[in-house]
Amino acid sequence: MAQVTLEGIRKVYDNGFVAVHGVDLVVNDGEFVVLVGPSGCGKSTTLRIVAGLESLSGGTLKIGDRIVNDVPPKERDIAMVFQNYALYPHMTVFENLAFALKLRKLPAAEIDERVRKTAEILGLTPILESRPKQLSGGQRQRVAIGRAIVRDPQVFLFDEPLSNLDAKLRVQMRREIAKIHRQLSATMIYVTHDQVEAMTMGDRIVVMNAGRVEQVDTPLELYDHPQTLFVASFIGSPAMNFFHGTIAGARFVAAEDPGIAFPLSAAQAGRLAGFDGKRVVAGVRPEEVRVADVHEPTSSARFTLQLDAIEPLGNEVVIYAGGQKHDVTVRMAPRPLPEVGAPIELTVRPERVHYFDAETSRLLSSAE
Ligand code: ATP
């Protein structure tokens, strides 16, 4: 296995469009790194550059200690699994798995051993003699992953490999890929637009936006300490609530409703020194907005909105309050269900608020 190093990677397509604006990233040996971001953010282009399927317009790409900028894909010792995996329909599972090794002219006994070992890891042993059309979607995807494993590459690359599977199978395959990663201690780079997939699989996550890296961190660091408004809004479902407003004295006051005001803790006031009168964005996770009750500390901010909609999910209820003006999302205990259309008093503990600079979108003060 090997480390993958991207230094100032740029991609300008022939039409002049800059898809990747200079990405710096080190994927450590044996690490599982997920590139995540909305459609068009450049994550697939970045992965395809690592695979050698796209040329670089600038920067340096290393696999291990070797600079591979101009090394053809076949000689990079990587294996890639795509969303649209094409298995050979006329070959059995065994033959599909063995194909790349046969091309390499490995001895038959070694091919047999490697295929059987891979089949064992993926639970494909009972279906080695089946053909792809006899398999379920999940089994086919496992064969596609098996074709990568059997080659014993230095690096595995995955481009949205689970997008074609139904929701239940995706959850199952997520666990399987994470398990394979642990078993093989393999270096893996995985691209997805699905933040839940990213959060549940990655050792570290690279959040991309418009061809740039916004933040690289572990899943929980991204959730707890998003460094930009983009990361704060992209990671977490339901998404973080945002209030645009200003700092006035030792308080944040929402622009559209002075009734929504969060006092600043001493630490927050320190970090926001110099922002008095300036525009900031306050961010509060849905589980940090609570329905007011007698246990709420007196230091909490309180405000009353109208309850617009509820989503009873069984284990929790997501409620939407305040209409178009605020649209505050709250995650709360499943029962008793609140009443739609009624006013609801909500509270926020001041120390649980993130503050971002409205001009630069950068974090000013993280929740404590
Ligand atoms: P998706 O999940 O939709 O694939 P992505 O984040 O993987 O999104 P890329 O496929 O990397 O995005 O594309 C990044 C940007 O580059 C997009 O705006 C896309 O339209 C553009 N792009 C991709 N290929 C080309 C090309 N051959 N010529 C010009 N622009 C391209």
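**Talking through a predicted model**

The protein in this predicted model has 10 helices and 21 strands in its secondary structure.

Colleague: Let's start broad. What share of the protein's residues count as buried?

Modeller: For scale, the C-alpha atoms fill a box of roughly 75 × 45 × 35 Å along the principal axes. The accessible surface comes to about 17100 Å², and 50% of that belongs to carbon and sulfur atoms. As for burial, the chain has 368 residues, and the buried portion is 48%.

Colleague: Among contacts between residues at least 6 apart in sequence, how many, as a percentage, join residues at least 24 apart?

Modeller: Contact here means heavy atoms within 4.5 Å. Take the pairs that are at least 6 apart in sequence; the part of them joining residues at least 24 apart is 66%.

Colleague: On to the ligand. Which residues are closest to it?

Modeller: The ligand is surrounded by 13 residues. By class, that shell has five nonpolar, six polar and two charged residues. The closest of the 13 are S39, G40, K43, S44 and T45.

Colleague: How far is the side chain of S44 from an oxygen atom of the ligand?

Modeller: Let me go through the polar contacts. G40 uses a backbone N or O atom, 2.7 Å from a ligand oxygen, and K43 brings a polar side-chain atom to 2.9 Å from a ligand oxygen. For S44, an N or O atom of the side chain sits from a ligand oxygen at a distance of 2.6 Å.

Colleague: And how much of the ligand's accessible area does the protein cover?

Modeller: On its own, the ligand has 630 Å² of accessible area. The part of this that the protein covers is 61%.

Colleague: Which element gives the largest share of the shell around the ligand?

Modeller: That element spans residues 43-51 and supplies three residues of the shell. Right after it, G52 takes a positive phi of about 90°. The element is helix α1.

Colleague: Is α1 largely enclosed or largely open?

Modeller: A residue counts as buried under 20% relative accessible area. In α1 the buried ones are K43, T45, T46, L47, I49, V50 and A51. That is seven of the nine residues, so the helix is, with respect to the rest of the structure, largely enclosed.

Colleague: Let's do the aromatics. The rings of F158 and Y190 pair up; what kind of pair is it?

Modeller: A search of the whole structure turns up 11 aromatic pairs. In this one, the ring centres are 5.5 Å apart and the planes meet at 35°. Planes under 30 degrees apart would count as stacked and over 60 as edge-to-face, so with 35° the pair is tilted.

Colleague: Where along the chain do those two come from, and how many residues lie between their positions?

Modeller: F158 is in strand β7 (residues 155-159) and Y190 is in strand β8 (residues 187-192). F158 counts as buried at 1% relative accessibility, and Y190 is buried too, at 0%. The pair links distant parts of the chain, with a separation of 32 residues.

Colleague: F242 and F356 form another pair; which geometry does it have?

Modeller: F242 belongs to strand β11 (residues 241-248) and F356 to strand β20 (residues 354-357), 114 residues apart. The centres are 6.4 Å apart, with 70° between the planes. An angle over 60 degrees is what the cut-off asks for, so the pair is edge-to-face.

Colleague: Is F242 buried or partly exposed?

Modeller: Its partner F356 counts as buried, at 0% relative accessibility. F242 has a relative accessible area of 25%. Since buried needs a value under 20%, F242 is partly exposed.

Colleague: Which residues form one aromatic cluster?

Modeller: One of the members is F262, which also turns up among the contacts of R251. The full cluster is F243, F252, F262, F303 and Y355.

Colleague: You mentioned R251. How far apart are the C-alpha atoms of R251 and D276?

Modeller: R251 is found in strand β12 (residues 251-254) and is partly exposed, with a relative accessible area of 42%. Beyond its sequence neighbours within four places, R251 contacts T246, A261, F262, P263 and L264. D276 is 25 residues along the chain from R251, and their C-alpha atoms are separated by 9.2 Å.

Colleague: Last one: which residues does A309 contact, leaving aside its neighbours within four places in sequence?

Modeller: A309 lies in strand β16 (residues 301-312). With a relative accessible area of 30%, A309 is partly exposed. Its contacts beyond those neighbours are V318, I319, Y320 and V340.

Conventions. Residues numbered from 1 in each chain as written. Predicted model: local features only at pLDDT ≥ 70, side-chain atom pairs only at ≥ 80, totals over all residues. Heavy atoms only, no water. Near = heavy atom within 4 Å. Polar contact = N/O pair within 3.5 Å; in protein donor to acceptor, adjacent residues only side chain to side chain. Areas by Shrake-Rupley, 256 points an atom, 1.4 Å probe, with all protein chains shown as cover. Helix = DSSP H or I, 4+ residues; strand = E, 2+ residues; numbered from the N terminus. Nonpolar A, V, L, I, M, F, W, Y, C, P; charged D, E, K, R; others polar. Buried < 20%, exposed > 50% of the residue type's maximum accessible area, 1.4 Å probe, protein only. Phe/Tyr/Trp six-rings, centres within 6.5 Å; stacked < 30°, edge-to-face > 60°.
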